[in-house]
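Student: I am new to this structure and would like a close look at a single part of it. Could you take me through that part slowly, and then show how it fits with its surroundings?

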Amino acid sequence: MTAVHFDSYTEARAHLKALLDAAERGRVATVRRESSTTALVDVDRLRHYLAAVTPSRAQAVPEADGWSIFIPGLPIAADGRTFDEAVMEMVDALREYAEDWQDHLLDAPNHRENWGLVQLISLSDDDQLREWLVGKAR
């Protein structure tokens, strides 16, 4: 099977199984609607790719009463009494940012380029986000 492309939403709907099968196998799967083309991508593949190309750059700082974690260049920070508590607070903060981005930040010039990060957050469970932030547990 090669790439799967349909030139209309109607055609894609009639061949939805072929479109989804192609996306699940990692093949190029696209649908054209009016003047735009949309790609379908398997969630696990997309999440894996985004995690690989989007380094977290998170920085953890010990403080007198615990830990603070922040990501330079993003309005996201968290604190906790322990390192693990701060990491879980950061996971919550990332989720809040993704919701805000979807709601009203996606068109803001200083947030527009965070599309990949928001996708990564939205496609990840808490353990995957924790691993992305601090690496695999040993």
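Tutor: In helix 5, the buried residues are Gly116, Leu117, Val118, Gln119, Leu120 and Ile121, and these positions belong to a model that is predicted. The buried residues of helix 5 pack against three other helices, namely helix 3 (43-53), helix 4 and helix 6.

Of these partners, helix 4 deserves a careful look of its own. Its buried residues are Ala86, Val87, Met90, Val91, Ala93, Leu94, Tyr97, Ala98, Trp101 and Leu105, and what covers them includes strand 5 (66-70) and strand 6 (77-80) as well as helix 5 and helix 6. Helix 5 and helix 4 thus meet again in this second description, now seen from the side of helix 4.

The next step is the nonpolar core. In soluble globular proteins, nonpolar side chains tend to be buried together. Here the largest nonpolar core has 23 residues, and the members that touch the most other members are Ile71, Ile76, Met90, Leu94, Tyr97, Trp132 and Leu133. The elements that contribute two or more residues to this core are helix 4 (83-105), helix 5 (115-123) and helix 6 (126-134), and helix 4 supplies the largest share, with 10 residues. A second core, separate from this one, has 8 residues, including Phe6, Leu19, Ala23 and Val31.

Met90 shows what such contacts look like for one residue: leaving aside residues up to four places away in sequence, Met90 touches Ile69, Phe70, Ile71, Ile76, Ala77, Ala78 and Leu133.

Helix 4 also takes part in an aromatic pair, and the structure holds 1 such pair. The ring centres of Trp67 and Phe83 are 5.2 Å apart and their planes stand at 75 degrees, so the pair is edge-to-face, since an angle over 60 degrees counts as such. The pair joins distant parts of the chain, with Trp67 in strand 5 and Phe83 in helix 4, 16 residues apart. Trp67 counts as partly exposed because its relative accessibility is 27%, and Phe83 likewise counts as partly exposed, at 29% relative accessibility.

Finally, the wider setting can be given in terms of domains. The domain assignment of the chain gives domain 1 (4-41) and domain 2 (45-134), and the C-alpha centres of domain 1 and domain 2 lie 31 Å apart.

Notes: Residues are numbered from 1 along each chain as its sequence is written. This is a predicted model: local features need pLDDT of at least 70, side-chain atom pairs count only at pLDDT 80 or more; totals for chains, interfaces and linings use all residues. Side-chain values use heavy atoms; hydrogens and water are left out. A nonpolar core is a set of buried Ala, Val, Leu, Ile, Met, Phe, Trp, Tyr and Cys residues joined through side-chain atoms within 4.5 Å. Buried means under 20% relative accessible area, exposed over 50%, partly exposed in between (1.4 Å probe, protein chains only). Helices (H or I, at least four residues) and strands (E, at least two) are DSSP runs, numbered from the N terminus. Contact means heavy atoms within 4.5 Å. Domain bounds come from an automatic or database domain assignment. Rings of Phe, Tyr and Trp (its six-membered ring) pair if their centres lie within 6.5 Å; planes under 30 degrees apart count as stacked, over 60 as edge-to-face and the rest as tilted.
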